[in-house]
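Hi,

Here is the structure I promised to send over. Have a look at it first, then read my notes below with the picture open beside you.

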Amino acid sequence: MLSIFFPKDFNMFDLFEKQVGISVEGAKYFKQMITEGKLSQEALDKLHNIEHQGDEVAHDIIEQLNKSFITPFDREDIHALVKEIDDITDMLHTLTNRMLVYKMTEKNVHLTAFANMIEESVLAVECAVKGLRNTKNYKSVKDACVEVNRLENEGDMMRDKVLAELFETEKDPIKVIKLKDIFQEAETILDICEDVAHMVENILVKQI
Amino acid sequence: MLSIFFPKDFNMFDLFEKQVGISVEGAKYFKQMITEGKLSQEALDKLHNIEHQGDEVAHDIIEQLNKSFITPFDREDIHALVKEIDDITDMLHTLTNRMLVYKMTEKNVHLTAFANMIEESVLAVECAVKGLRNTKNYKSVKDACVEVNRLENEGDMMRDKVLAELFETEKDPIKVIKLKDIFQEAETILDICEDVAHMVENILVKQI
Amino acid sequence: MLSIFFPKDFNMFDLFEKQVGISVEGAKYFKQMITEGKLSQEALDKLHNIEHQGDEVAHDIIEQLNKSFITPFDREDIHALVKEIDDITDMLHTLTNRMLVYKMTEKNVHLTAFANMIEESVLAVECAVKGLRNTKNYKSVKDACVEVNRLENEGDMMRDKVLAELFETEKDPIKVIKLKDIFQEAETILDICEDVAHMVENILVKQI
């Protein structure tokens, strides 16, 4: 057990869970917004607010890290993990912002499918991050990683199918440009989730 | 004071200032070129030359780092900072090159605005890098970071406004493709400046 | 000689050579496919298979790294090198996949030129990686790096020439979008090769 190495009030695990919890909140809000076709400046502001909460927790982790003499994992790994979890909400915000800039605010069945996959993936990432507390959780972390990988592969296939269809059927090049960006960015969020899950797995493996 | 830990001839701070000074030179030249609408192969060569000078200083820093037993900051941090400062001039060159490839060499009011913001941001970055010499400079580094952040946010808003306008008004898809790339890359330079400023702040915080 | 620091059965060098050998196999297959204009789902599957073999070797290296108390180079460097070599085959697969999604499967003289340069560059990268075994190889590693740099510069010029021509002559914006992506991604593979070669050089320099 890692806990014996740290003072009782060490709360890095709590902070990581808080940070990934904010990513889950972002993914849920994104899915709701996309599913209901309610993309607006207000929705973007709400997502920006969630992103900002995540930034604050990320900042707390780095601050605590700088003050700590002993840390549960390598400092490099903590830095990388904080940044990568942060990227999930950042990218949700970036994508939403792009859709507003492009005025692509109507419902889109493919984007709804992506939003569902993103929510599923971020929930699996949360499960992996919660496993960091103890190497006994290795099995459940591994399972979460398998799920995140599966969703990333599914997302790749989905993006390819949707882009192939777009280039086949859409005759307006401006719309092709817009939708290509949007579908690619949606898929990128699944890539980021995969990166987070792999980082968690690698961190845990080193402790075994 | 950090200075007591290092031999008197230790010149990493000098080298960092030299490197960021070259980025300032690049940003000033870029602004002049864009403002005067004097984009040409000669201008690109000049920028390439500036980029090359920056590469040489970057190389000197890494070489000195490899020879040093004790360094003022973590080796990883020095590596990352050198690379990121280098990216400023690289990106100025990349953008200028793209404009030439796309034959988008006429004056553009939005790009002039970006060039002004980039110059301001790189000057603030220089101020931050100069603060590295001593933790007593923390306040001025922090102020520079706030300024760089402000400019990055302003750049985001500018890019969004300009892209929205482009997609609304420009009916030639080829021009949309070109200008979209150019505005996005211009904004990316402000992102890089923000990364540099944050790195400097984080390095200094660790010393306190 | 580094070998005295490690047990006789230490095989990290073997594994690195195996990994880069798989990248060579990928580059050769890519070139053949492009030259013969035989892009198909079967060809993509074959490349995916090569990519997968590379992933397995990468995984073996990381696993061995986690078990090793003493390593020939910094752990960070090994991690970064494994990931970057992996990126070569990944990117070959990504590009091939994109060409299939875009249905751009006919022969293309520019892409054939890129495929030739990629093969040459990956062979030079292999030469550099093989040099890692001993600091006595520094000269040959340096030579390989010079060659990889040369090819990257040539690739940049080629991409610029081809893009400029594309924007000048191609009137179908959808085709512009497709070919722009394809040429840019082809050039990116040369960038990755350059990164690998520089990493190898830096690792070796630290040992001298």
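Before the tour, one term you will need: a crossing of two helices is called left-handed if the near helix is turned anticlockwise from the far one by less than a right angle, and right-handed if it is turned clockwise. Also keep in mind that this is a predicted model.

**One chain by itself**

Let's start with chain A. What is it built from? Chain A has six helices and zero strands, so to speak an α-α-α-α-α-α pattern when you read along the sequence. Its radius of gyration is 18 Å, close to the 17 Å that the globule rule gives for 208 residues, so chain A is as compact as a globular protein of that length. If you draw a box around the C-alpha atoms of chain A along the principal axes, that box comes out at roughly 65 × 30 × 25 Å.

**Two helices side by side**

Now go to chain B and find α5(B) and α6(B). Their axes come within 9 Å and cross at roughly 165°. An angle over 145 degrees counts as roughly antiparallel, and α5(B) and α6(B) are therefore roughly antiparallel to each other. Here is where the term from the top comes in: the crossing of α5(B) and α6(B) is left-handed. Sorted by class, the contact between these two helices has 18 nonpolar, four polar and nine charged residues.

Then try chain C. There, α5(C) and α6(C) pack at an angle of about 165°, and their axes are 9 Å apart. That makes α5(C) roughly antiparallel to α6(C). The crossing in which α5(C) passes α6(C) is left-handed, and the residues of this contact divide into 18 nonpolar, four polar and nine charged.

**How the chains are related**

What does it take to lay chain B on top of chain A? A rotation of 120° with 0.0 Å of shift along its axis does it, with an RMSD of 0.0 Å. That is the relation of a three-fold axis. Which residue of chain B comes closest to that rotation axis? The answer is P173(B), with its C-alpha at 3.6 Å.

You can repeat the exercise with the next pair. Chain C is superposed on chain B by a rotation of 120° with 0.0 Å of shift along the axis, again with an RMSD of 0.0 Å. In chain C, the C-alpha nearest the axis belongs to P173(C), and it lies 3.6 Å away.

**Where the chains touch**

Next, the contacts between chains. On the B–A side, 10 residues of chain B are in contact with eight residues of chain A. Two elements of chain B give two or more residues each to this side, namely α5 (138-169) and α6 (173-207). The largest share, five residues, comes from α6(B). By class, the side of chain B that touches chain A has seven nonpolar, no polar and three charged residues.

For the C–B pair, nine residues of chain C are in contact with seven residues of chain B. The elements of chain C that give two or more residues to this side are α5 (138-169) and α6. Which of them gives the most? It is α6(C), with five residues. The side of chain C that touches chain B has seven nonpolar, no polar and two charged residues.

**A helix pair across chains**

Last stop: α6(A) and α6(C), which both run over residues 173-207. How do they lie against each other? Their axes come within 9 Å and cross at roughly 30°. An angle under 35 degrees counts as roughly parallel, which makes α6(A) roughly parallel to α6(C). The crossing of α6(A) and α6(C) is right-handed. If you want to find the spot on screen, look for P173(A), V176(A) and I177(A) in α6(A), which meet P173(C), I174(C) and I177(C) in α6(C). By class, this contact has six nonpolar, no polar and no charged residues.

Happy browsing, and write back if anything is unclear!

How values were computed
Residues numbered from 1 in each chain as written. Chains lettered and ligands numbered in written order. Predicted model: local features only at pLDDT ≥ 70, side-chain atom pairs only at ≥ 80, totals over all residues. Contact = placed C-beta atoms within 7 Å. Helix = DSSP H or I, 4+ residues; strand = E, 2+ residues; numbered from the N terminus. Nonpolar A, V, L, I, M, F, W, Y, C, P; charged D, E, K, R; others polar. Least-squares fit on C-alpha atoms with pLDDT ≥ 70 in both. Axes fitted to C-alpha atoms, helices over the stretch in contact; angles between N-to-C directions. Parallel < 35°, antiparallel > 145°, perpendicular 65-115°, else oblique. Rg over C-alpha atoms; globule rule 2.2 N^0.38 Å.
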